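Here are a few worked exercises on side-chain contacts. Have a go at each one before you read the solution.

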Amino acid sequence: DNRSHVAAHRSRRRRWQKPQEDIMEKFARIRDVKFRRLPRGFSRRSENTTFYSFKTKAIHWRICWRFPLADAECVDKRVHEKTLLGRALEKYVDSDKGDPVLKHRQVGCVLQL
């Protein structure tokens, strides 16, 4: 039966391929970072775009910035592991160094909330 052959092929492939999450856990451990994941079924687990890039040999983090006083939330989908948090955050809070278009969008988002 062809279906059983296909199923056997898929199960063999899964044995040697590690999921991205296991790879992330390994490289985070090497960097002394405690990496925890949410259980399956949580929406924030599926939204997480943090990944390890074999090309650059670096972790690219997804950071969700929450500004409770402004009732706003911004997301950076790819922040290189060597980027200082202050440098990543300044585009949202620093009036001189920030992107004016991005700040305009933030004001619009805050007003819509």
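**Exercise 1.** Classify aspartate 76 as buried or exposed, then work out which parts of the chain its salt bridge ties together.

*Solution.* Start with accessibility: aspartate 76 comes out at 7%, so it counts as buried (under 20% relative accessible area; exposed is over 50%, partly exposed in between, with a 1.4 Å probe and protein chains only). Mind that this is a predicted model, where local features need pLDDT of at least 70, side-chain atom pairs count only at pLDDT 80 or more, and totals for chains, interfaces and linings use all residues. Residues are numbered from 1 along each chain as its sequence is written, and side-chain values use heavy atoms, with hydrogens and water left out.

Next, the partner: the side chain of aspartate 76 meets lysine 91 at 3.1 Å, N to O. That's a salt bridge (a side-chain nitrogen of Lys or Arg within 4 Å of a carboxyl oxygen of Asp or Glu). Now place the two ends: aspartate 76 sits in strand β3 (residues 72-80) and lysine 91 in helix α4, so the bridge joins parts 15 residues apart in sequence. Helices (H or I, at least four residues) and strands (E, at least two) are DSSP runs, numbered from the N terminus. Lysine 91 itself is partly exposed, at 32%.

**Exercise 2.** How many salt bridges are there, and what separates glutamate 90 and arginine 87 along helix α4?

*Solution.* The count is 4. One of them pairs glutamate 90 with arginine 87, with the closest N and O atoms 3.9 Å apart. Both sit in helix α4, 3 residues apart, so about one helical turn separates them. Arginine 87 is exposed, at 57%. Another bridge joins glutamate 73 and arginine 66 at 3.1 Å, N to O, and arginine 66 is exposed too, at 51%.

**Exercise 3.** Find the number of aromatic pairs, then classify the geometry of phenylalanine 27 with phenylalanine 54.

*Solution.* Searching the whole structure gives 4 pairs. Rings of Phe, Tyr and Trp (its six-membered ring) pair if their centres lie within 6.5 Å; planes under 30 degrees apart count as stacked, over 60 as edge-to-face and the rest as tilted. For phenylalanine 27 and phenylalanine 54, the centres are 6.1 Å apart and the planes are at 85°, so call it edge-to-face. This pair spans 27 residues, from helix α2 (residues 20-30) to the loop between β1 (51-53) and β2 (58-67). Phenylalanine 27 is buried, at 14%. Finally, ring pairs link Phe27, Tyr52 and Phe54 into a cluster.
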